[in-house]
Amino acid sequence: MKKVNSNSRRDFMKFLGLGSLATVVPTVSSAETIPHVVVVGGGFAGATCAKYLKMWGGSSIDVTVIEANSTYVSPILSNLVLNGQKTTSDLSFTYGSYSSKYGINMVHSTVNAVDKTNQTLTLANGNTVNYDKLVLAPGIDFMKTNDYDISKVPHAWKAGEQTNLLKAQIDAMNDGDTFTMTIPAAPYRCPPGPYERACVVADYLKNTKGHTNSKVVVLDANAKIIVEEETFGAKFSEYGVEYKPSTTVTNVDDTSKTVTYIEAGSSKTLASTVLNVIPNQKAASVIFTAGVNSGNWAPINPLSYESVLASGIYVIGDSQATGQPKAGHIGNSEAKVCADAILRTLSGTALYASPKTNSACYSPTSATEASWLTGVFKYDADTQTMVASNTAAGASSTANYPKMFNWSGNLFADTFA
Amino acid sequence: MKVHNKLFLTGYSLSLCLALVGCGGGSSSTTVEDTNTSIATILPLSYTADAGRLLGSQCAQCHGTNGVSVNSWDSIAGENDLADEIFDDEPIMTAQAHGYTAEEITLIGNWLKTLSKTED
(Lines give C-alpha, C1' and ligand atoms only; values in the text may rest on other atoms or scores of the structure.)
Protein backbone atom coordinates (compact mmCIF):
# COMPACT_ATOMS: atom_id res chain seq x y z
CA MET A 1 0.00 0.00 0.00
CA LYS A 2 1.17 3.50 -0.60
CA LYS A 3 1.52 5.35 2.62
CA VAL A 4 2.48 8.97 2.38
CA ASN A 5 2.93 11.02 5.47
CA SER A 6 1.20 14.34 5.57
CA ASN A 7 4.37 16.36 5.13
CA SER A 8 5.42 14.49 2.07
CA ARG A 9 1.90 14.69 0.68
CA ARG A 10 1.93 18.43 1.04
CA ASP A 11 5.38 18.57 -0.44
CA PHE A 12 4.17 16.50 -3.33
CA MET A 13 1.36 18.97 -3.93
CA LYS A 14 3.85 21.78 -3.77
CA PHE A 15 5.87 19.89 -6.31
CA LEU A 16 2.78 19.88 -8.49
CA GLY A 17 2.35 23.58 -7.96
CA LEU A 18 -0.81 23.18 -5.92
CA GLY A 19 0.45 23.65 -2.41
CA SER A 20 -0.02 27.37 -2.29
CA LEU A 21 -3.55 27.21 -3.60
CA ALA A 22 -5.08 24.42 -1.60
CA THR A 23 -4.06 21.99 1.06
CA VAL A 24 -6.45 19.11 1.18
CA VAL A 25 -6.14 16.27 3.61
CA PRO A 26 -8.86 13.71 2.97
CA THR A 27 -11.11 12.52 5.75
CA VAL A 28 -11.73 8.85 5.22
CA SER A 29 -11.54 5.80 7.40
CA SER A 30 -12.20 2.94 5.03
CA ALA A 31 -9.24 0.67 4.55
CA GLU A 32 -8.71 -0.51 1.04
CA THR A 33 -6.05 0.63 -1.35
CA ILE A 34 -4.03 -0.48 -4.32
CA PRO A 35 -0.42 -1.60 -4.41
CA HIS A 36 2.29 0.99 -4.87
CA VAL A 37 5.42 0.12 -6.85
CA VAL A 38 8.30 2.57 -6.65
CA VAL A 39 10.91 2.47 -9.41
CA VAL A 40 14.23 4.15 -8.69
CA GLY A 41 15.90 5.26 -11.91
CA GLY A 42 14.34 6.51 -15.15
CA GLY A 43 16.76 5.06 -17.69
CA PHE A 44 16.13 2.24 -20.15
CA ALA A 45 15.36 -0.34 -17.48
CA GLY A 46 13.45 1.83 -15.01
CA ALA A 47 11.36 3.80 -17.51
CA THR A 48 10.37 0.60 -19.32
CA CYS A 49 9.44 -1.17 -16.10
CA ALA A 50 7.17 1.67 -14.91
CA LYS A 51 5.53 1.94 -18.34
CA TYR A 52 4.79 -1.78 -18.61
CA LEU A 53 3.60 -1.99 -14.99
CA LYS A 54 0.95 0.60 -15.84
CA MET A 55 0.25 -0.72 -19.35
CA TRP A 56 -0.38 -4.22 -18.02
CA GLY A 57 -1.55 -3.43 -14.48
CA GLY A 58 -3.74 -0.44 -15.30
CA SER A 59 -5.57 1.36 -12.53
CA SER A 60 -5.12 -1.58 -10.18
CA ILE A 61 -1.56 -0.48 -9.49
CA ASP A 62 0.08 2.80 -8.58
CA VAL A 63 3.58 3.48 -9.92
CA THR A 64 6.08 6.16 -8.95
CA VAL A 65 9.42 6.75 -10.67
CA ILE A 66 12.14 8.47 -8.69
CA GLU A 67 14.71 9.91 -11.08
CA ALA A 68 17.32 12.54 -10.31
CA ASN A 69 17.21 14.28 -13.69
CA SER A 70 14.31 15.86 -15.55
CA THR A 71 16.03 15.01 -18.85
CA TYR A 72 17.62 11.68 -19.69
CA VAL A 73 20.37 11.61 -22.29
CA SER A 74 20.75 8.22 -23.93
CA PRO A 75 24.22 6.72 -23.85
CA ILE A 76 23.05 4.66 -26.82
CA LEU A 77 24.22 6.46 -29.99
CA SER A 78 26.16 9.00 -27.90
CA ASN A 79 29.43 8.11 -29.65
CA LEU A 80 27.81 9.74 -32.69
CA VAL A 81 27.86 13.05 -30.81
CA LEU A 82 31.65 12.84 -30.81
CA ASN A 83 31.80 12.81 -34.61
CA GLY A 84 28.99 15.32 -35.06
CA GLN A 85 26.39 12.93 -36.49
CA LYS A 86 24.07 13.53 -33.50
CA THR A 87 23.72 16.08 -30.72
CA THR A 88 22.94 15.33 -27.10
CA SER A 89 19.57 17.05 -27.59
CA ASP A 90 18.78 14.48 -30.32
CA LEU A 91 19.30 11.83 -27.65
CA SER A 92 17.40 13.58 -24.85
CA PHE A 93 14.14 12.38 -23.34
CA THR A 94 11.87 14.08 -20.84
CA TYR A 95 9.18 12.47 -18.74
CA GLY A 96 6.19 14.81 -19.04
CA SER A 97 4.10 13.14 -21.75
CA TYR A 98 5.41 9.71 -20.78
CA SER A 99 4.21 10.04 -17.20
CA SER A 100 0.83 11.52 -18.10
CA LYS A 101 0.20 8.97 -20.86
CA TYR A 102 0.68 6.01 -18.52
CA GLY A 103 -0.38 7.62 -15.24
CA ILE A 104 3.03 7.38 -13.62
CA ASN A 105 4.00 9.63 -10.69
CA MET A 106 7.37 11.26 -11.45
CA VAL A 107 9.51 12.49 -8.59
CA HIS A 108 12.81 14.14 -9.46
CA SER A 109 15.00 13.37 -6.50
CA THR A 110 17.45 10.75 -5.24
CA VAL A 111 17.23 8.14 -2.49
CA ASN A 112 19.13 8.80 0.73
CA ALA A 113 17.91 5.84 2.76
CA VAL A 114 16.01 2.58 2.31
CA ASP A 115 14.09 1.24 5.32
CA LYS A 116 13.37 -2.34 4.34
CA THR A 117 11.38 -3.10 7.51
CA ASN A 118 8.92 -0.26 7.11
CA GLN A 119 9.22 -0.28 3.30
CA THR A 120 10.05 3.39 3.19
CA LEU A 121 12.44 5.49 1.16
CA THR A 122 13.86 8.77 2.37
CA LEU A 123 14.59 11.11 -0.50
CA ALA A 124 17.19 13.85 -0.81
CA ASN A 125 14.34 16.37 -1.08
CA GLY A 126 13.28 15.43 2.46
CA ASN A 127 10.19 13.47 1.49
CA THR A 128 9.35 9.98 2.57
CA VAL A 129 7.86 7.49 0.13
CA ASN A 130 6.34 4.17 1.08
CA TYR A 131 6.37 1.20 -1.24
CA ASP A 132 4.86 -2.24 -1.50
CA LYS A 133 7.39 -3.31 -4.12
CA LEU A 134 10.63 -1.49 -4.87
CA VAL A 135 12.40 -1.71 -8.22
CA LEU A 136 15.98 -0.46 -8.34
CA ALA A 137 17.21 0.49 -11.80
CA PRO A 138 19.99 2.94 -10.96
CA GLY A 139 22.63 2.00 -13.53
CA ILE A 140 26.32 2.14 -12.72
CA ASP A 141 28.88 4.02 -10.68
CA PHE A 142 32.56 4.40 -11.47
CA MET A 143 35.57 3.14 -9.52
CA LYS A 144 38.24 5.73 -10.30
CA THR A 145 41.83 4.78 -9.62
CA ASN A 146 42.45 8.10 -7.87
CA ASP A 147 40.88 11.50 -7.42
CA TYR A 148 41.01 13.52 -10.62
CA ASP A 149 38.82 16.07 -12.39
CA ILE A 150 36.43 14.43 -14.84
CA SER A 151 35.88 17.74 -16.59
CA LYS A 152 39.53 17.48 -17.68
CA VAL A 153 39.60 13.73 -18.14
CA PRO A 154 36.02 12.87 -19.07
CA HIS A 155 34.64 9.35 -19.07
CA ALA A 156 31.68 10.28 -21.29
CA TRP A 157 30.17 6.95 -20.23
CA LYS A 158 27.06 8.57 -18.80
CA ALA A 159 25.79 10.73 -21.61
CA GLY A 160 25.11 14.46 -21.53
CA GLU A 161 27.54 17.11 -20.36
CA GLN A 162 30.36 14.56 -20.26
CA THR A 163 29.73 13.66 -23.91
CA ASN A 164 29.89 17.29 -24.98
CA LEU A 165 33.05 17.87 -22.94
CA LEU A 166 34.79 15.03 -24.71
CA LYS A 167 33.56 16.22 -28.10
CA ALA A 168 34.94 19.71 -27.45
CA GLN A 169 38.32 18.26 -26.50
CA ILE A 170 38.42 16.11 -29.64
CA ASP A 171 37.43 19.08 -31.82
CA ALA A 172 40.28 21.14 -30.31
CA MET A 173 42.88 18.58 -31.38
CA ASN A 174 45.46 19.52 -33.98
CA ASP A 175 46.95 17.20 -36.55
CA GLY A 176 49.54 15.06 -34.82
CA ASP A 177 47.79 15.15 -31.43
CA THR A 178 46.96 11.93 -29.63
CA PHE A 179 43.60 10.62 -28.36
CA THR A 180 43.97 7.95 -25.69
CA MET A 181 41.11 6.01 -24.17
CA THR A 182 41.00 3.25 -21.57
CA ILE A 183 38.55 0.35 -21.55
CA PRO A 184 37.39 -0.97 -18.16
CA ALA A 185 37.59 -4.56 -17.03
CA ALA A 186 34.41 -6.51 -17.81
CA PRO A 187 31.68 -6.39 -16.73
CA TYR A 188 30.95 -2.81 -17.66
CA ARG A 189 28.08 -0.93 -19.34
CA CYS A 190 27.71 -1.58 -23.09
CA PRO A 191 30.35 -4.18 -24.06
CA PRO A 192 30.87 -2.98 -27.68
CA GLY A 193 30.74 0.69 -26.72
CA PRO A 194 34.41 1.45 -26.05
CA TYR A 195 35.59 -0.33 -29.21
CA GLU A 196 32.89 1.47 -31.15
CA ARG A 197 34.12 4.78 -29.71
CA ALA A 198 37.72 4.11 -30.69
CA CYS A 199 36.58 3.42 -34.27
CA VAL A 200 34.30 6.47 -34.47
CA VAL A 201 36.94 8.84 -33.11
CA ALA A 202 39.71 7.39 -35.29
CA ASP A 203 37.53 7.72 -38.40
CA TYR A 204 36.54 11.26 -37.43
CA LEU A 205 40.11 12.43 -36.87
CA LYS A 206 41.45 10.79 -40.01
CA ASN A 207 38.61 11.14 -42.51
CA THR A 208 36.62 14.17 -41.37
CA LYS A 209 39.25 16.37 -39.72
CA GLY A 210 42.07 15.24 -42.02
CA HIS A 211 44.39 14.66 -39.05
CA THR A 212 46.35 11.92 -40.77
CA ASN A 213 49.22 12.33 -38.29
CA SER A 214 47.04 11.97 -35.21
CA LYS A 215 46.98 8.76 -33.28
CA VAL A 216 44.32 6.84 -31.36
CA VAL A 217 45.63 4.69 -28.51
CA VAL A 218 43.43 2.16 -26.70
CA LEU A 219 44.44 0.69 -23.33
CA ASP A 220 42.16 -2.30 -22.68
CA ALA A 221 41.96 -3.87 -19.22
CA ASN A 222 40.68 -7.02 -20.90
CA ALA A 223 42.92 -9.60 -22.55
CA LYS A 224 41.35 -9.03 -25.95
CA ILE A 225 38.49 -7.27 -27.71
CA ILE A 226 35.60 -8.80 -25.77
CA VAL A 227 32.85 -8.56 -28.41
CA GLU A 228 32.77 -8.39 -32.22
CA GLU A 229 36.50 -9.06 -32.20
CA GLU A 230 36.70 -9.60 -35.94
CA THR A 231 34.80 -6.42 -36.80
CA PHE A 232 36.58 -4.10 -34.41
CA GLY A 233 39.97 -5.73 -34.96
CA ALA A 234 39.68 -5.13 -38.70
CA LYS A 235 38.65 -1.50 -38.15
CA PHE A 236 41.52 -0.92 -35.72
CA SER A 237 43.90 -2.13 -38.43
CA GLU A 238 42.22 0.04 -41.07
CA TYR A 239 42.42 3.17 -38.89
CA GLY A 240 45.84 2.40 -37.41
CA VAL A 241 44.50 2.31 -33.85
CA GLU A 242 47.25 1.39 -31.40
CA TYR A 243 45.59 -1.34 -29.30
CA LYS A 244 47.16 -2.52 -26.04
CA PRO A 245 45.25 -5.37 -24.31
CA SER A 246 45.76 -6.54 -20.71
CA THR A 247 46.66 -3.10 -19.41
CA THR A 248 45.70 -2.04 -15.90
CA VAL A 249 45.32 1.69 -15.23
CA THR A 250 46.84 2.65 -11.87
CA ASN A 251 46.81 6.45 -11.92
CA VAL A 252 45.34 9.36 -13.87
CA ASP A 253 46.81 12.87 -13.75
CA ASP A 254 44.42 15.53 -15.00
CA THR A 255 47.07 18.30 -15.05
CA SER A 256 49.72 16.57 -17.11
CA LYS A 257 47.04 14.57 -18.99
CA THR A 258 48.88 11.35 -18.32
CA VAL A 259 47.72 7.85 -17.55
CA THR A 260 49.91 5.37 -15.70
CA TYR A 261 49.27 1.70 -16.35
CA ILE A 262 50.77 -1.72 -15.92
CA GLU A 263 51.52 -3.73 -19.02
CA ALA A 264 53.28 -7.11 -18.87
CA GLY A 265 54.37 -6.46 -15.29
CA SER A 266 55.93 -3.06 -15.82
CA SER A 267 54.53 0.38 -15.07
CA LYS A 268 54.36 2.88 -17.90
CA THR A 269 53.13 6.46 -18.16
CA LEU A 270 51.60 7.84 -21.31
CA ALA A 271 50.84 11.49 -22.09
CA SER A 272 47.98 12.33 -24.42
CA THR A 273 46.39 15.47 -25.83
CA VAL A 274 42.96 14.06 -25.03
CA LEU A 275 42.54 11.47 -22.32
CA ASN A 276 39.28 9.53 -22.10
CA VAL A 277 39.44 7.22 -19.11
CA ILE A 278 36.42 4.93 -18.70
CA PRO A 279 36.86 3.62 -15.15
CA ASN A 280 35.94 0.17 -13.88
CA GLN A 281 32.32 -0.03 -12.81
CA LYS A 282 30.02 -1.27 -10.07
CA ALA A 283 26.33 -1.06 -9.26
CA ALA A 284 25.09 2.44 -8.46
CA SER A 285 25.12 3.62 -4.86
CA VAL A 286 21.45 2.94 -3.97
CA ILE A 287 22.16 -0.78 -4.40
CA PHE A 288 24.67 -0.51 -1.57
CA THR A 289 22.39 1.79 0.43
CA ALA A 290 19.64 -0.84 0.18
CA GLY A 291 22.06 -3.60 1.11
CA VAL A 292 21.17 -5.74 -1.89
CA ASN A 293 24.70 -6.07 -3.27
CA SER A 294 27.07 -9.01 -3.11
CA GLY A 295 30.42 -7.53 -4.02
CA ASN A 296 29.98 -4.95 -6.75
CA TRP A 297 26.62 -6.09 -8.16
CA ALA A 298 23.16 -7.17 -7.05
CA PRO A 299 22.28 -10.88 -7.27
CA ILE A 300 18.69 -11.54 -8.34
CA ASN A 301 16.31 -14.35 -9.27
CA PRO A 302 16.04 -14.16 -13.10
CA LEU A 303 12.38 -15.30 -13.00
CA SER A 304 11.41 -12.02 -11.36
CA TYR A 305 14.55 -9.89 -10.85
CA GLU A 306 13.74 -9.95 -7.14
CA SER A 307 16.84 -9.62 -5.00
CA VAL A 308 18.02 -12.87 -3.44
CA LEU A 309 19.02 -10.78 -0.42
CA ALA A 310 15.80 -8.83 0.25
CA SER A 311 12.22 -9.79 -0.60
CA GLY A 312 10.09 -7.17 -2.29
CA ILE A 313 13.11 -5.41 -3.80
CA TYR A 314 13.84 -5.96 -7.48
CA VAL A 315 16.98 -4.98 -9.41
CA ILE A 316 17.00 -4.55 -13.19
CA GLY A 317 19.44 -3.14 -15.72
CA ASP A 318 23.15 -2.57 -15.31
CA SER A 319 23.25 -3.05 -11.52
CA GLN A 320 22.03 -6.66 -11.51
CA ALA A 321 24.49 -9.52 -11.32
CA THR A 322 23.32 -12.02 -13.92
CA GLY A 323 25.67 -12.76 -16.78
CA GLN A 324 23.46 -10.81 -19.18
CA PRO A 325 25.17 -7.82 -20.77
CA LYS A 326 24.83 -4.43 -19.14
CA ALA A 327 23.13 -2.29 -21.79
CA GLY A 328 19.99 -0.31 -22.54
CA HIS A 329 18.30 -2.75 -24.90
CA ILE A 330 18.50 -5.69 -22.52
CA GLY A 331 17.70 -3.42 -19.57
CA ASN A 332 14.41 -2.71 -21.34
CA SER A 333 14.03 -6.46 -21.88
CA GLU A 334 14.63 -7.37 -18.22
CA ALA A 335 12.19 -4.65 -17.16
CA LYS A 336 9.27 -6.40 -18.88
CA VAL A 337 10.02 -9.73 -17.18
CA CYS A 338 10.23 -7.86 -13.87
CA ALA A 339 6.99 -5.91 -14.44
CA ASP A 340 5.11 -9.11 -15.29
CA ALA A 341 6.61 -10.89 -12.27
CA ILE A 342 5.57 -8.09 -9.90
CA LEU A 343 2.02 -8.08 -11.27
CA ARG A 344 1.83 -11.87 -11.01
CA THR A 345 3.11 -11.77 -7.44
CA LEU A 346 0.69 -9.03 -6.39
CA SER A 347 -2.19 -11.01 -7.88
CA GLY A 348 -1.17 -14.34 -6.41
CA THR A 349 -0.20 -15.85 -9.77
CA ALA A 350 2.84 -18.10 -10.21
CA LEU A 351 5.87 -16.57 -11.90
CA TYR A 352 6.40 -17.37 -15.58
CA ALA A 353 8.79 -20.32 -15.45
CA SER A 354 10.83 -19.79 -18.62
CA PRO A 355 11.35 -16.10 -19.37
CA LYS A 356 13.48 -14.96 -22.28
CA THR A 357 15.31 -11.72 -22.75
CA ASN A 358 17.23 -10.40 -25.69
CA SER A 359 20.06 -8.08 -26.48
CA ALA A 360 20.63 -6.32 -29.75
CA CYS A 361 22.67 -3.35 -30.76
CA TYR A 362 24.05 -1.60 -33.76
CA SER A 363 27.49 -0.05 -33.32
CA PRO A 364 28.72 2.75 -35.55
CA THR A 365 32.27 2.17 -36.73
CA SER A 366 32.47 5.41 -38.72
CA ALA A 367 30.18 8.22 -39.87
CA THR A 368 28.73 5.89 -42.51
CA GLU A 369 29.06 2.29 -41.29
CA ALA A 370 27.70 0.17 -38.47
CA SER A 371 27.94 -3.42 -37.26
CA TRP A 372 25.49 -5.36 -35.09
CA LEU A 373 25.45 -7.89 -32.29
CA THR A 374 22.49 -9.80 -30.94
CA GLY A 375 21.65 -12.57 -28.51
CA VAL A 376 18.69 -14.33 -26.88
CA PHE A 377 18.95 -15.30 -23.24
CA LYS A 378 16.89 -18.09 -21.69
CA TYR A 379 16.32 -19.21 -18.14
CA ASP A 380 18.14 -22.41 -17.26
CA ALA A 381 16.21 -24.12 -14.46
CA ASP A 382 19.12 -26.35 -13.44
CA THR A 383 21.50 -23.51 -12.73
CA GLN A 384 18.77 -20.89 -12.14
CA THR A 385 20.66 -18.48 -14.38
CA MET A 386 20.13 -16.75 -17.70
CA VAL A 387 22.21 -18.34 -20.44
CA ALA A 388 22.82 -17.18 -24.00
CA SER A 389 20.82 -19.43 -26.29
CA ASN A 390 21.71 -17.75 -29.54
CA THR A 391 24.19 -15.03 -30.38
CA ALA A 392 25.22 -13.60 -33.72
CA ALA A 393 27.10 -10.63 -35.13
CA GLY A 394 26.95 -8.73 -38.40
CA ALA A 395 29.98 -7.14 -40.03
CA SER A 396 30.41 -3.41 -40.44
CA SER A 397 28.65 -2.05 -43.52
CA THR A 398 27.02 1.08 -44.90
CA ALA A 399 23.75 -0.89 -45.25
CA ASN A 400 23.65 -1.31 -41.46
CA TYR A 401 24.09 2.39 -40.76
CA PRO A 402 20.48 3.55 -41.41
CA LYS A 403 19.12 0.38 -39.78
CA MET A 404 20.87 1.49 -36.60
CA PHE A 405 18.40 4.39 -36.37
CA ASN A 406 15.40 2.12 -36.91
CA TRP A 407 16.61 -0.03 -34.04
CA SER A 408 17.30 2.90 -31.72
CA GLY A 409 14.10 4.70 -32.74
CA ASN A 410 11.85 1.84 -31.70
CA LEU A 411 13.92 1.12 -28.60
CA PHE A 412 13.71 4.75 -27.50
CA ALA A 413 9.95 4.84 -28.15
CA ASP A 414 9.33 1.53 -26.37
CA THR A 415 11.12 2.98 -23.36
CA PHE A 416 10.28 6.67 -23.16
CA ALA A 417 7.13 7.20 -25.26
CA MET B 1 -0.15 9.36 10.20
CA LYS B 2 -0.51 7.05 7.29
CA VAL B 3 -2.69 7.72 4.31
CA HIS B 4 -3.04 5.14 1.66
CA ASN B 5 -2.96 5.60 -2.01
CA LYS B 6 -6.60 5.87 -2.91
CA LEU B 7 -6.94 8.68 -0.44
CA PHE B 8 -3.85 10.32 -1.75
CA LEU B 9 -5.18 10.31 -5.29
CA THR B 10 -8.57 11.51 -4.15
CA GLY B 11 -6.95 14.31 -2.26
CA TYR B 12 -4.94 15.25 -5.28
CA SER B 13 -7.98 15.35 -7.55
CA LEU B 14 -9.97 17.26 -4.99
CA SER B 15 -7.21 19.77 -4.51
CA LEU B 16 -7.18 20.39 -8.23
CA CYS B 17 -10.91 21.13 -8.19
CA LEU B 18 -10.68 23.33 -5.16
CA ALA B 19 -7.73 25.13 -6.59
CA LEU B 20 -9.73 25.96 -9.69
CA VAL B 21 -12.73 27.02 -7.67
CA GLY B 22 -10.45 28.99 -5.44
CA CYS B 23 -9.06 30.91 -8.36
CA GLY B 24 -12.46 31.53 -9.92
CA GLY B 25 -13.97 32.67 -6.68
CA GLY B 26 -11.13 34.91 -5.72
CA SER B 27 -10.23 32.77 -2.73
CA SER B 28 -6.52 32.19 -2.38
CA SER B 29 -6.49 29.25 -0.05
CA THR B 30 -8.66 26.31 0.93
CA THR B 31 -7.81 23.95 3.72
CA VAL B 32 -9.57 20.79 4.76
CA GLU B 33 -8.45 19.39 8.06
CA ASP B 34 -7.11 15.91 8.50
CA THR B 35 -8.70 13.17 10.59
CA ASN B 36 -7.42 9.77 11.57
CA THR B 37 -7.33 7.04 8.99
CA SER B 38 -6.95 3.35 9.60
CA ILE B 39 -4.12 1.24 8.19
CA ALA B 40 -5.00 0.18 4.68
CA THR B 41 -5.06 -3.30 3.23
CA ILE B 42 -4.02 -3.97 -0.34
CA LEU B 43 -6.82 -4.65 -2.77
CA PRO B 44 -6.30 -7.86 -4.75
CA LEU B 45 -4.67 -6.93 -8.01
CA SER B 46 -6.62 -7.77 -11.11
CA TYR B 47 -4.07 -9.22 -13.53
CA THR B 48 -4.40 -11.73 -16.31
CA ALA B 49 -1.00 -13.20 -17.01
CA ASP B 50 -0.34 -13.88 -20.68
CA ALA B 51 2.78 -15.80 -21.71
CA GLY B 52 2.39 -14.77 -25.35
CA ARG B 53 2.25 -11.12 -24.41
CA LEU B 54 5.25 -11.42 -22.08
CA LEU B 55 7.34 -13.17 -24.74
CA GLY B 56 5.98 -10.91 -27.49
CA SER B 57 6.81 -7.77 -25.54
CA GLN B 58 10.43 -8.67 -26.24
CA CYS B 59 9.82 -7.88 -29.92
CA ALA B 60 8.99 -4.28 -29.03
CA GLN B 61 12.58 -3.07 -28.62
CA CYS B 62 12.92 -3.30 -32.41
CA HIS B 63 9.29 -3.38 -33.63
CA GLY B 64 7.59 -0.96 -31.28
CA THR B 65 5.33 -1.13 -28.24
CA ASN B 66 2.49 -3.61 -28.88
CA GLY B 67 4.03 -4.28 -32.28
CA VAL B 68 3.56 -0.77 -33.65
CA SER B 69 6.79 0.54 -35.16
CA VAL B 70 7.53 4.26 -35.14
CA ASN B 71 9.73 4.07 -38.23
CA SER B 72 10.25 2.11 -41.42
CA TRP B 73 10.96 -1.17 -39.67
CA ASP B 74 7.99 -3.56 -39.76
CA SER B 75 5.04 -3.17 -37.46
CA ILE B 76 4.10 -6.65 -36.32
CA ALA B 77 0.74 -5.93 -34.68
CA GLY B 78 -1.82 -8.19 -36.37
CA GLU B 79 0.93 -10.30 -37.95
CA ASN B 80 -0.57 -13.50 -39.35
CA ASP B 81 2.41 -15.58 -40.40
CA LEU B 82 5.07 -14.86 -37.81
CA ALA B 83 6.87 -18.21 -38.08
CA ASP B 84 7.36 -17.82 -41.83
CA GLU B 85 8.50 -14.22 -41.63
CA ILE B 86 11.08 -14.36 -38.88
CA PHE B 87 13.12 -17.23 -40.31
CA ASP B 88 13.35 -15.63 -43.72
CA ASP B 89 14.30 -12.11 -42.89
CA GLU B 90 17.32 -9.94 -42.16
CA PRO B 91 20.13 -11.93 -40.51
CA ILE B 92 19.63 -10.11 -37.21
CA MET B 93 15.95 -11.16 -37.14
CA THR B 94 16.74 -14.73 -38.12
CA ALA B 95 19.37 -14.93 -35.40
CA GLN B 96 16.76 -13.82 -32.87
CA ALA B 97 14.17 -16.25 -34.22
CA HIS B 98 16.49 -19.21 -33.64
CA GLY B 99 16.55 -18.31 -29.96
CA TYR B 100 12.86 -19.25 -29.56
CA THR B 101 11.09 -22.61 -29.58
CA ALA B 102 8.24 -23.40 -31.97
CA GLU B 103 5.86 -23.32 -28.99
CA GLU B 104 7.08 -19.89 -27.97
CA ILE B 105 6.71 -18.57 -31.51
CA THR B 106 3.14 -19.90 -31.57
CA LEU B 107 2.39 -18.14 -28.28
CA ILE B 108 3.85 -14.87 -29.60
CA GLY B 109 2.05 -15.25 -32.93
CA ASN B 110 -1.29 -15.86 -31.24
CA TRP B 111 -0.82 -12.72 -29.14
CA LEU B 112 0.20 -10.60 -32.13
CA LYS B 113 -2.97 -11.67 -33.96
CA THR B 114 -5.02 -10.09 -31.18
CA LEU B 115 -3.42 -6.68 -31.80
CA SER B 116 -4.83 -4.19 -34.29
CA LYS B 117 -2.98 -4.23 -37.56
CA THR B 118 -1.68 -0.78 -38.34
CA GLU B 119 -0.37 -1.31 -41.84
CA ASP B 120 -0.36 -3.93 -44.59
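This is a short talk about chain B of a predicted model and the salt bridges found across its chains.

Okay, hi everyone. Keep in mind the whole way through that we're looking at a predicted model.

Let's start with chain B. How many helices and strands does chain B have? There are 6 helices and 2 strands. If you walk along the sequence, the order goes α-β-β-α-α-α-α-α. So you meet a helix, then the two strands, then the rest of the helices. Chain B has 120 residues, and 42% of them count as buried. Its exposed surface comes to about 6300 Å², with carbon and sulfur atoms supplying 56% of that. Now, take the contacts in chain B with a separation of 6 or more: 61% of those are between residues 24 or more positions apart.

Next, have a look at the surface of chain B. There's a patch of negative charge there, made of Asp74(B), Asp81(B), Asp84(B), Glu85(B), Asp88(B) and Asp89(B). Let's pick one of them, Asp81(B). You'll find Asp81(B) in the loop between α3 (60-63) and α4 (82-86) of chain B. Asp81(B) has a relative accessible area of 34%, so we call it partly exposed.

Now compare that with a residue in another loop. Gly99(B) sits between α5 (91-97) and α6 (102-113) of chain B. Is Gly99(B) buried or exposed? Gly99(B) is buried, at 4% relative accessibility. And what does Gly99(B) touch, if we skip residues up to four places away in sequence? From chain A, there are Lys356(A), Val376(A), Ser389(A) and Asn390(A), and from chain B there's Glu104(B).

That brings us to chain A, and to salt bridges. Over all chains, the count is 15. I'll show you three of them.

Number one pairs Asp414(A) with Lys51(A), at 4.0 Å from N to O. Asp414(A) is in helix α10 (residues 400-416) and Lys51(A) is in helix α2 (residues 44-57), both in chain A, so this pair ties together parts that are 363 residues apart in sequence. What about burial? Asp414(A) is buried, with a relative accessible area of 0%. Lys51(A) is buried too, with a value of 0%. These two also belong to a network of salt bridges, which links Lys51(A), Lys336(A) and Asp414(A).

Number two is Lys268(A) with Glu263(A), where the closest N and O atoms are 2.8 Å apart. Here the partners fall into separate classes: Lys268(A) is partly exposed at 33% relative accessibility, while Glu263(A) counts as buried at 16%. If you're wondering why 16% counts as buried, it's because the cut-off for buried is under 20%.

Number three is between Glu90(B) and Lys403(A), with 2.8 Å from N to O. Where do these two residues sit? Glu90(B) is in the loop between α4 and α5 of chain B, and Lys403(A) is in helix α10 of chain A, so this salt bridge joins two chains. Glu90(B) is partly exposed, at 32% relative accessibility. Lys403(A), at 19%, counts as buried.

So, to recap while you turn the structure around: find the negative patch that includes Asp81(B), then Gly99(B) with its contacts in chain A, and finally the Glu90(B) and Lys403(A) pair that joins two chains. Thanks for listening!

Definitions and conventions. Residues numbered from 1 in each chain as written. Chains lettered and ligands numbered in written order. Predicted model: local features only at pLDDT ≥ 70, side-chain atom pairs only at ≥ 80, totals over all residues. Heavy atoms only, no water. Patch = residues over 30% accessible without salt bridge, like charges linked within 9 Å, V, L, I, M, F, W, Y side chains within 5 Å. Areas by Shrake-Rupley, 256 points an atom, 1.4 Å probe, with all protein chains shown as cover. Salt bridge = Lys/Arg side-chain N within 4 Å of Asp/Glu carboxyl O. Lys, Arg positive; Asp, Glu negative; His and termini not counted. Charge placed at Lys NZ, Arg CZ, Asp CG, Glu CD. Helix = DSSP H or I, 4+ residues; strand = E, 2+ residues; numbered from the N terminus. Buried < 20%, exposed > 50% of the residue type's maximum accessible area, 1.4 Å probe, protein only. Contact = heavy atoms within 4.5 Å.
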